[in-house]
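Hi,

Here's the structure I promised to pass on. Have a look at it first, then read my notes below.

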Amino acid sequence: DWIKEQRKKSYSSIIGVKNNSTFDINIGVQHQEVLDNYKFKYGRKVVTWENNFPFCYSYKYNTKIRFHLLHFQGPAKYLMAHFYKGNNFSNKIFYDIKFFMLNILAYIYKTLRIRYRFAWIFKIIFKFNKK
């Protein structure tokens, strides 16, 4: 029924929630549609796994929404190793350690607000690199 309705339209969107499921547009973005906010922590959606399917809690629908796919766009590429569920990934341990370290840095950055205390260091580094 839904497919027949979409054929009548000149366009279709796959990011809308249908039957409590959707396609992720970017793991690093809290919203999908307007006013559709997902549980978000450390710069990414909080994804839980049930029967090998990814879910994320939606505040709009007040329930877990199943994702057909997760989109790791741009700076979120490193997260792919963390979410990988297969057996054959030679560098998985390296990327798991990197993921852990980046989460620690994100926590420090956001909670202690060191960005203000050490902003002068970054100014010196970037001025030095321009020369």
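The chain has a mean pLDDT of 76, with 71% of its residues at 70 or more; pLDDT is the predictor's confidence in each residue, on a scale from 0 to 100. Yes, this is a predicted model, so local features need a pLDDT of at least 70 and side-chain atom pairs count only at 80 or more, while totals for chains, interfaces and linings use all residues. Residues are numbered from 1 along each chain as its sequence is written, and side-chain values use heavy atoms, leaving out hydrogens and water.

Confidence is highest in strand 6 (residues 63-67), at a mean of 93, and lowest in helix 5 (residues 119-130), at 56. Where pLDDT is low, don't read the predicted coordinates in detail.

As for the fold, you'll find 5 helices and 6 strands, in the order α-β-β-β-β-β-β-α-α-α-α along the sequence. Both are DSSP runs numbered from the N terminus: helices are H or I with at least four residues, strands are E with at least two.

Of the 131 residues, 21% are buried, meaning under 20% relative accessible area (over 50% is exposed, in between is partly exposed; 1.4 Å probe, protein chains only). Among contacts (heavy atoms within 4.5 Å) with a separation of 6 or more, 33% join residues 24 or more positions apart.

One residue to click on is L102, in helix 3 (residues 92-111). Its relative accessible area is 31%, so L102 counts as partly exposed. From L102 to Y78 is 24 residues in sequence and 9.8 Å in space, C-alpha to C-alpha.

Cheers
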